[in-house]
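Reader: I am new to this structure. Could you walk me through it and tell me the reasoning behind the words you use?

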Amino acid sequence: MADLLPALTGRFACREFTGKAVSDADLQTILEAGRIAPSGFGMEPWRFMVVRTAEARSRAASACFNQTPATSAPLLIAIIALVDALRPDSAYVQARLGAEAGGGPVPDELKAAYRGFYEHADARDWAIGQCNFAAAQMMGQATSQGLATCPIGGFDEAALASALNLPAGEVPALVLALGYCADRQGERRRKARQECWQEHQHSA
Ligand SMILES: Cc1cc2nc3c(=O)[nH]c(=O)nc-3n(C[C@H](O)[C@H](O)[C@H](O)COP(=O)(O)O)c2cc1C
């Protein structure tokens with residue numbers, strides 16, 4: 001099995017894209033990497049909206065305050081969090097729990113566990129958090145295909161929801177700008193390992 005670390009190390013937030021188009025085959029592979037992402041309770045509370053036409057990209061980019069990655073990318077993938085669908089009695093949740101249960105009847109314990117989780121969770125924040133797993137997988141995959149990405153969380157939520165024609169109960173989680181980078185990867189700035197890795201110490 002190939003090592004993933006080179007793609008993760010090679011990923012960087014590309015701030016300006018060339019005009020070169022992304023092929024459908026590349027796009028589909030990247031979307032697939034998102035589709036198979038893990039999620040709590042197998043809820044997959046996302047959909048990925050490909051924003052392709054110049055007009056739609058321009059409206060979405062404007063909601064992202066016209067940041068250069070959004071205005072220059074030939075494609076945007078809006079990752080949309082399905083918030084209202086997470087209500088315990090929704091048909092969506094029944095279907096997802098059914099899938100988690102292997103297609104058979106949903107065990108009462110699973111239903112109760114989900115309901116207990118939902119009562120204590122902030123569904124909106126939780127759904128957005130799940131979406132970020134899908135985004136991370138898509139970005140790693142895109143890098144391995146020689147493409148560049150920029151995750152864009154800086155947007156006006158209401159303006160972006162309107163630009164994407166989202167129904168009530170769905171919110172934009174993140175926009176991925178996708179294409180070929182006009183820049184090169186800059187110096188990687190990260191906390192030192194000793195600052196973020198630690199062994200748990202037992203107290204006496
Ligand atoms: C959730 C999230 C939101 C982000 N939003 C923006 C953004 O709105 N605009 C932008 O230029 N970069 C954005 N970034 C990119 C970060 O600035 C970048 O990942 C960080 O500086 C580290 O650089 P690197 O990704 O090149 O390693 C975002 C990254 C994440 C994970």
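Reader: Which exposed residues does helix 3 carry on the face turned away from its buried side?

Author: Ala 54 and Glu 55 sit on that face. This is a predicted model, and "exposed" here stands for 12 or fewer other C-beta atoms within 10 Å of the residue's own.

Reader: And which residues of helix 3 are called buried?

Author: In helix 3 (residues 54–63), they are Arg 57, Ala 60, Ala 61 and Ala 63. The word calls for 20 or more other C-beta atoms within 10 Å. Seen down the helix axis, these buried residues fall within an arc of 155 degrees, so they line one face of helix 3.

Reader: What covers the buried residues of helix 3?

Author: The cover includes strand 1 (46–51), helix 4 (68–72), strand 2 (75–82), helix 8 (157–163) and strand 4 (170–179).

Reader: Why do strand 1 and strand 3 stand at the edges of the sheet?

Author: The open sheet has 4 strands in the order 1-2-4-3, with antiparallel pairing. Strand 1 and strand 3 each have a single partner strand, so one side of each is left without a neighbour in the sheet.

Reader: What makes strand 3 and strand 4 a pair?

Author: A pair needs at least two bridges, and 5 bridges join strand 3 to strand 4. These two strands therefore count as paired, and they run antiparallel. Ile 152 stands opposite Val 175 in strand 4.

Reader: Which strand gives the most to the shell around the ligand?

Author: Strand 3 (residues 148–152) does, with 3 residues. The residues surrounding the ligand include Cys 150, Pro 151 and Ile 152.

Definitions and conventions
Residues numbered from 1 in each chain as written. Predicted model: local features only at pLDDT ≥ 70, side-chain atom pairs only at ≥ 80, totals over all residues. Arc of directions from axis to C-beta. Contact = placed C-beta atoms within 7 Å. Near = placed C-beta within 6 Å.
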